[in-house]
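Colleague: I would like a close look at a single part of this model, taken slowly enough for a first-year student to follow. Please begin with one helix and then show what lies around the other parts you choose.

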Amino acid sequence: MPEPRIDPGRPLLCVRGLRKVYRMRGGLPWRPAREVVAVDGVDLDVMPGRTLGLVGASGSGKSTIGRCVLRLVEPTSGSVELGGVDMLSLGRSELRGFRRHAQIIFQDPYSSLNPRLTVGAALEEPLRVHGVGDRASRARRVRELLEMVGLRPSHADRYPHEFSGGQRQRIGIARALALDPRLIVADEPVSALDVSVQAQVLNLLARLQRELGLSMLFIAHDLAVVEHVSHEVAVLDAGRVVERGSVDEVIARPQHEVTRRLRNAIPDGALGREFGSGADPGSAIP
Amino acid sequence: MDPINAPDDRTVLRVHDLVVRLEVEGRRAHAVDGVDLELRRGETLALVGESGCGKSLTALAVLRLLPRPVAGIARGRIEYGDLDLVTAAPAALRRVRGGEIAMIFQEPMTSLNPVFSCGEQIAEVARLHLGLGRRAARDRAVGLMEQVGIDRPAERARQLPHELSGGMRQRVMIAMALAGEPKALLADEPTTALDVTTQAQILDLLDRLREEFSLAVLLVTHDLALAAERAQRVAVMYAGRIVETGPCTAVFAAPAHPYTLGLLACRPVLGRRQESLPAIEGQVPDVFERPPGCSFHPRCPFSVERCRTDEPGASEIDPGHATACFEHDAVLRKGAWTDA
């Protein structure tokens, strides 16, 4: 079974020339099938312990890239290496074993949890599938995971419907972390959540990434959200990377029209000041 | 929250003390609990809140479109001219609905009829509410499609909804809403299902139409920044009540309710990266399990003893700017959110 090598000086995830072409049947049976190029030759590097933000409008191919990286969707061509292991050459059973090193957090916490499994069973499932530990040690791990994401160990006996959206996303994060992966793909992890709980989940993800030294591919359409959690950013348009660099650099001096458009799409201009604890109320009263 | 509702000659629609009851599987609640709103000619009022706060039910209630028997109006008045829409006869209601007051929804695909062409659907509204003949209605539909920024409108008018992109479908919805020459437009999260860049275009369009036709617009949204950018007045809703309302300039310069302040503080702002975002702890309460007293107190760093038991009424802190918080002086003094 291949194991990823972690070399601090080399990218943990290395994507080269990634391409994904979908064949779409016509809307009506007699219309000809057409090809849609979702990802069109993308190169990406994610260094160990760093977060790469992948930002773009809907249809830009960002989610497809996230799925190709984990081979949840088979790429049409290109290469994906995780810790020096060529993911695309792995056979089925090898891939299944290897997936413990790379996990995904989905957008919609309402549809990504099995309603018939208790939270404890949902968190234990990946451990059981990968043959990790015995029953007692798995139960310990489940409690540890729940605490890690800010839930209580007693929550293990409850079902997903008993939780709010924000709590369900915490459960999704705990499940993704169960096997101690090196890479997390977070696909729009807060965009389905209430505004007032998004900050909690973003803070949690940023903290876990730091504390566990994870590499993360963080996919979002909102540049402000990406900025908050990412070190580097790649901007996508029509399946291609049109701009990349450090987050601060790209946001301060966007070079590409698409980046500028994403930046201008955020209606922040009308809110002139900060409202956090460091804000200066004196300047606020007109 | 009445101060803002001092009658104004620009008033098109007034909602007074609206209560919407909700009943699901034997559990009952007042999902909307005493809401006052006023829509004015040529102005956008943003109704801002999170899922389950009652903002969409409020908009649906205005046109008496609440899903029966699950929801219904338990109390209140909805004044449109001389008419109270709560008690209006079906015929009067039909004239107002879709004609004088139009509504657009979040997901245009589910609101358009999939088997009729876009043009036919727009023309139907014009025939119904303006009494136009077939040909005149069709011409008007094409004209409206052009007005809402659809290129090659005559060709698009013959297409079915599924042949158009999401942004184009929303434009068709807007054209349909305008077809009856309405005085008020209720827009329930009109851009949430759209891409960020398309979002801006649709909102630009709504702005332009509001000015051109002196429309009174109710913009229902979960996004406070969007409200700040697009509305003249704002009403912030939490757990069925309006907790703060006023002109956008006043509310966003000096939010007087902790919830407004928290919502403003917890969003990541571009170019202002922070170690950790100031978060509002806890969850939005379930509609059937709202806490007693002020519903926001379990999540509120400003809360004091009486917030647990007493329900704060509205107090006006500036002309037209009102808040329902016992501690609004402390909130204004501090002017910043601190984690609970």
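Modeller: In this predicted model, helix H3 of chain A, residues 119–129, has as its buried residues A:Val119, A:Gly120, A:Ala122, A:Leu123, A:Glu124 and A:Leu127. These buried residues pack against two other helices of chain A, namely H4 (135–148) and H5 (165–177). Just after H3(A) comes A:Gly131, which takes a positive phi of about 65°.

From that helix we can turn to the sheet of chain A, an open one of four strands in the order E2-E1-E4-E5, with antiparallel pairing. Strand E2 (34–46) and strand E5 (85–86) of chain A stand at its edges with a single partner strand each, so one side of each is left without a neighbour in the sheet. Within the sheet, strand E1 (residues 13–24) and strand E4 (residues 77–82) of chain A run antiparallel and are joined by five bridges, and A:Cys14 stands opposite A:Glu81 in E4(A). Helix H1 of chain A, residues 62–69, packs on this sheet and touches E1, E2 and E4 of chain A, while its direction makes about 115° with that of E1(A).

A single residue elsewhere in the chain also deserves attention: A:Ile219, whose place is in strand E8 (residues 215–220) of chain A. A:Ile219 counts as buried because it has 27 C-beta neighbours inside 10 Å, where 20 or more are needed. Leaving aside neighbours within four places in sequence, its contacts are A:Leu54, A:Lys62, A:Ser63, A:Gly66, A:Ala186, A:Asp187 and A:Glu188. A:Gly56 lies 163 residues from A:Ile219 in sequence, yet the two are 8.5 Å apart in space, C-alpha to C-alpha.

Finally, we come to the place where the two chains meet, a contact that takes 40 residues from chain A and 41 residues from chain B. On the side of chain B that touches chain A, the elements giving two or more residues are helices H8 (196–213), H9 (224–230), H10 (248–253), H11 (258–265) and H12 (328–334) of chain B. H11(B) gives the most, with five residues, and the residues of this side as a whole divide into 23 nonpolar, 11 polar and seven charged.

H11(B) is itself mostly covered, since eight of its eight residues are buried, and they include B:Pro258, B:Tyr259 and B:Leu264. What covers these buried residues includes helix H6 (195–212) of chain A, together with H9, strand E9 (233–238), strand E10 (241–247), H10 and H12 of chain B.

Methods:
Residues numbered from 1 in each chain as written. Chains lettered and ligands numbered in written order. Predicted model: local features only at pLDDT ≥ 70, side-chain atom pairs only at ≥ 80, totals over all residues. Contact = placed C-beta atoms within 7 Å. Nonpolar A, V, L, I, M, F, W, Y, C, P; charged D, E, K, R; others polar. Pairing = 2+ DSSP bridges. Axes fitted to C-alpha atoms, helices over the stretch in contact; angles between N-to-C directions. Buried ≥ 20, exposed ≤ 12 C-beta atoms within 10 Å, placed from the backbone.
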